Amino acid sequence: MGTGIRNKVFLSVFVIFMFAPLASAEEWITYGARQRALGNNGVTISRGADAIYWNPANLPRFNEKPEDVDEEDWNPNRVEDTSWHLQVGVGAEASVQGRVLSELDEVADKINQTSSSFDNIEKLLGDPANSGLTPTEATQTFSTLLGAVDEIMDLDKRGQGVYATLSGGVDLRILDFGIGVHQFAWAAADPVIDISAGGSASALVAGGIENLFENSQGGGGGIPVGSAPTSQVYQNFSSRIETLLNNVGAATSSGGVTNKQRADAIAAAAETAGVDVNDPQFNQAIDSMVTATGSNSNPGAPAGNNEDVFFNNQSGIDLRILSVREVAVAYGTYLNFSEGWFGLGIGGALKFMEGSTYSRRFAVADLENQDGEEILKEAKDKLTSSDETAFDFGLDLGAVINLGDTLRFGIVGKNLNTPSFDFERTQTTKGSKKVDNVRVRTVELAPQIRVGAELHFFRDWFVFTAETDLYPASSDLLPGYDTQMAGAGFEITPIATGWFGLSLRAGVFDNLADKNDDMGISAGIGLQLFFLQLEVGASYTPSDVQIQSDDPNRPDDSKDIPQRLGVSVTLSLNQSF
């Protein structure tokens with residue numbers, strides 16, 4: 001290898017690793033049906049127009065029959081043997097991280113223990129004195145509420161939520177050049193619990209703590225006092241709540257209800273619900289709400305006038321979407337050495353990117369008043385608005401090494417310049433008003449490096465491939481969700497004539513960065529008819545996640561879905577000049 005070539009190789013490798021990420025990145029999207037079927041691999045096996053996305057170093061291919069290839073081994077309709085290749089593809093993938101769906105169902109179970117539970121909570125917290133509840137109903141309702149708060153706290157875990165990707169595009173390779181038009185989107189639904197302290201905290205009831213217990217002794221609809229916790233742990237909990245109420249200045253009511261009696265009633269309700277009062281998250285939530293309620297003390301205030309009441313709490317779902325439209329221009333070159341026993345390919349792609357972001361907190365009140373179709377329409381309108389877009393460019397570099405006719409290694413670095421896009425606005429609901437919270441939150445597509453190897457025989461009639469991300473990527477859309485994908489797959493092509501071809505594919509993959517993600521499997525098929533090719537690939541994890549809780553009262557209602565599920569379809573044309 002000459003000095004000039006050696007320097008070019010060294011410079012390419014140095015540039016790729018110099019841009020190793022120091023920031024977050026979203027999950028590597030599996031673009032292409034063949035790649036999905038082969039364990040989400042594509043760094044070495046993408047040899048046509050799909051190389052624009054996966055590895056531009058694979059763009060240069062044989063454009064006419066080489067002298068050392070026998071006529072019976074030459075297939076002018078195989079992608080790597082043609083002068084041009086046009087490809088259209090779409091794909092989607094979704095994964096559930098953690099127990100978020102079953103935990104949401106457990107919250108619903110707690111609130112809907114009886115058909116009237118939710119209505120009773122609204123009555124009790126909205127206007128206790130006129131709720132119409134009996135003392136027993138008020139006590140049971142408050143116990144149900146504390147149980148629901150306990151379950152809600154389980155939702156507030158980093159990396160727990162729903163994560164999805166969408167991909168689509170048109171790619172064209174002509175000789176060693178390529179151009180692609182792509183649409184990629186990442187979306188995350190992140191459960192968020194509002195347990196903030198101070199003025200933004202949510203009170204339990206409108207008008208102050210006095211309203212919640214004021215008429216309770218006479219059965220006027222509030223929570224009756226007089227009950228007390230029996231076990232020591234709940235007695236300790238009562239003492240702490242009493243101290244909180246004293247500290248915020250909650251006074252003895254005109255009916256003679258003291259902070260000690262209020263604290264005992266709260267602790268007794270927690271004991272009835274079986275709440276773990278030693279859970280720091282539950283304690284933080286209860287402390288925040290009790291403090292806010294006590295600070296709201298104003299016996300003369302009309303019930304229901306407080307915008308910070310519990311039902312206007314901002315706990316809910318943060319929906320975040322990053323959509324990127326790009327035009328990629330790519331080029332690759334291939335160099336043969338040692339009479340074909342060693343070959344080096346290098347390539348790059350410059351991407352002109354238009355990004356748009358969507359971020360919205362859907363609090364409980366929003367989810368009650370908006371259906372899924374309205375939410376999706378709002379997200380689509382914002383993502384396609386010219387006022388909500390930003391422009392940047394991205395740079396991909398790749399290299400491949402061929403050792404003889406059977407072994408190939410590849411490496412690619414994507415988004416080496418760290419293109420970024422901003423969340424310009426978030427919108428929440430405060431009472432009956434929608435409030436724009438202006439805050440810039442940058443989402444970066446930080447550099448990602450992936451390496452792979454491929455073993456192939458008989459002019460690619462049998463192919464084995466394996467690859468991995470070199471390091472984890474940490475999501476901005478779903479904080480705490482990390483990915484470092486690794487996979488392996490094989491392809492068998494039992495039929496490959498000049499006019500018809502059949503390929504069968506299968507693979508496995510795993511997220512090395514998340515021990516809770518189980519290994520997944522993939523499969524697919526490729527059909528070739530003259531110059532037309534149709535490919536379908538699917539991937540999923542055999543392990544399931546619950547979307548309904550294990551409620552012994554509903555044994556037939558427990559349902560499971562795959563933790564991760566993806567599908568891709570690709571249609572392509574190829575021909576020689």
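Modeller: The expected span of a helix is 1.5 Å times one less than its number of residues, and we can apply that rule here to a predicted model.

Biologist: How far apart are the end C-alpha atoms of helix 9, and what span should its 15 residues have?
Modeller: Helix 9 covers residues 259–273, and at 1.5 Å a residue its 15 residues should span 21 Å. The computed distance agrees with this expectation, because the end C-alpha atoms are also 21 Å apart.

Biologist: How many of the 15 residues of helix 9 are buried?
Modeller: A residue counts as buried when its relative accessible area is under 20%. Among the residues of helix 9 that meet this condition are Asn259, Arg262, Ile266 and Ala273. Helix 9 is therefore mostly covered by the cut-off of under 20%, and the number of its buried residues is 11.

Biologist: Which element gives the most residues to the largest nonpolar core?
Modeller: This core has 28 residues, and Phe142, Leu146, Phe237, Ile241 and Ile286 touch the most other members. Two or more residues come from each of helix 6, helix 8, helix 9 and helix 10. The element that gives the most, with seven residues, is helix 9.

Biologist: Are helix 8 and helix 9 roughly parallel, roughly antiparallel, roughly perpendicular or oblique to each other?
Modeller: Their axes lie 8 Å apart and pack at an angle of about 140 degrees. Angles over 145 degrees count as roughly antiparallel and 65 to 115 as roughly perpendicular, so the angle of this pair makes helix 8, relative to helix 9, oblique.

Note on methods
Residues are numbered from 1 along each chain as its sequence is written. This is a predicted model: local features need pLDDT of at least 70, side-chain atom pairs count only at pLDDT 80 or more; totals for chains, interfaces and linings use all residues. Side-chain values use heavy atoms; hydrogens and water are left out. Helices (H or I, at least four residues) and strands (E, at least two) are DSSP runs, numbered from the N terminus. Buried means under 20% relative accessible area, exposed over 50%, partly exposed in between (1.4 Å probe, protein chains only). A nonpolar core is a set of buried Ala, Val, Leu, Ile, Met, Phe, Trp, Tyr and Cys residues joined through side-chain atoms within 4.5 Å. Axes are lines fitted to C-alpha atoms, for helices over the stretch in contact, and angles run from 0 to 180 degrees between N-to-C directions. Angles under 35 degrees count as roughly parallel, over 145 as roughly antiparallel, 65 to 115 as roughly perpendicular and the rest as oblique.
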